[in-house]
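This report concerns the surroundings of a bound ligand. Please consult the sequence and the structure displayed here while reading.

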Amino acid sequence: MKDDERQQNELRRIIVDIAKECGDIMRSAHEITIRTDTKSGFRDLVTEYDRKIQAYAVKRLSQIYPSAGFICEEGDTDTTEPEGLTFIIDPIDGTANFTHHYGHSCISICCAENGVPMVGVVYDPFKDELFTAERGEGAYLNGEQIHISDAALDGSLVLFGTAPYNLKLADETLARVRSIYGKCQDVRRTGSAALDLCYVAAGRAGLYFELELSIWDYAAGALIAEEAGASVFTIDGEKLQFIRPDKSSVIAGSIKCIKESNLIVNFRAN
Ligand code: IPD
Ligand code: CA
Ligand code: CA
């Protein structure tokens with residue numbers, strides 16, 4: 001094994017341990033009403049668990065990688081450093097699910113090097129499902145290699161996100177869902193973008209799209225989906241960016257499903 005591979009392996013092991021410890025914090029929320037604060041609007045929520053998990057992950061990772069940068073959802077981290085190692089963290093993806101004890105949320109940690117995602121880890125502590133990927137090494141669910149489905153669209157579930165923090169996108173999102181609904185087996189709105197990408201990776205769904213996400217929502221999941229064989233683009237068919245915390249649309253799935261969906265206008269990839 002080369003030095004680079006050994007380091008990447010070690011990085012993955014460290015992130016996995018930390019993600020599992022964060023999962024314990026998530027699972028420790030037993031109170032009937034989880035106290036929430038709102039951010040950009042009434043549906044954009046944050047809880048003490050989001051803050052606690054983020055603080056814990058940042059503390060642990062920066063002890064091990066003191067010069068690394070961080071891009072995290074819950075603020076207070078330097079988001080301007082694209083050089084060297086950057087950890088991109090969503091402490092709870094699926095916060096609304098979490099506040100309702102819906103049992104479908106995860107922690108998502110990606111490590112990018114000079115803007116290229118190298119390791120992605122998404123952990124769902126409620127199902128004890130750990131999705132991992134290292135660039136060039138494939139994608140895994142609880143240690144077993146996973147691949148996207150080869151089903152056509154009419155034999156596939158399609159996942160979508162509603163971009164809930166930008167109501168202006170609601171009509172366009174729902175029009176796209178309407179346009180695909182008659183062509184696929186059925187549609188699902190799960191409430192966690194990171195898990196949606198991992199479910200595509202695991203072949204549980206043929207396609208996922210959402211018109212606006214932040215980098216912490218998709219960084220780890222997009223690498224996991226790609227390493228499982230998915231094609232991942234913006235909804236305009238462009239390459240996803242992993243450097244700055246800009247917002248982006250995301251579509252991921254097999255090329256077959258993406259083409260059949262017609263969700264990317266003028267899609268030209270083979
Ligand atoms: C949200 C979830 C949701 C998606 C939103 C995300 P959060 O993340 O992934 O499924 O539709 O766009 O922002 O706020 O629960 O971390
Ligand atoms: Ca999120
Ligand atoms: Ca979150």
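The following paragraphs describe the site of ligand 1 and its polar contacts.

The model is a predicted one. Within it, ligand 1 occupies the largest pocket. The shell around the ligand comprises 16 residues, of which Asp93, Gly94, Thr95, Tyr165 and Glu210 are the closest. Sorted by class, this shell holds seven charged, five nonpolar and four polar residues.

Both domains contribute to the site: domain 1 (3-146) and domain 2 (153-261) each provide at least three residues of the shell around ligand 1. As for secondary structure, at least two shell residues come from each of the strands β4 (85-93) and β12 (207-213).

Polar contacts with oxygen atoms of ligand 1 are listed below.

| Residue | Protein atom | Distance to an oxygen atom of ligand 1 |
|---|---|---|
| Asp93 | N or O atom of the side chain | 2.7 Å |
| Ile92 | backbone N or O atom | 3.1 Å |
| Glu73 | polar side-chain atom | 3.2 Å |

Asp93 and Glu73 thus appear in the table through side-chain atoms, whereas Ile92 appears through a backbone atom. Beyond these individual contacts, the protein covers 96% of the 380 Å² of accessible area that ligand 1 has on its own.

Terms used. Residues numbered from 1 in each chain as written. Chains lettered and ligands numbered in written order. Predicted model: local features only at pLDDT ≥ 70, side-chain atom pairs only at ≥ 80, totals over all residues. Heavy atoms only, no water. Near = heavy atom within 4 Å. Polar contact = N/O pair within 3.5 Å; in protein donor to acceptor, adjacent residues only side chain to side chain. Areas by Shrake-Rupley, 256 points an atom, 1.4 Å probe, with all protein chains shown as cover. 1 Å grid on protein atoms, 1.4 Å probe; cavity = no way out; pocket = protein on both sides within 12 Å on 5 of 7 lines; lining within 4 Å. Sits in = over half its atoms within 2 Å of the grid points. Helix = DSSP H or I, 4+ residues; strand = E, 2+ residues; numbered from the N terminus. Nonpolar A, V, L, I, M, F, W, Y, C, P; charged D, E, K, R; others polar. Domains from an automatic or database assignment.
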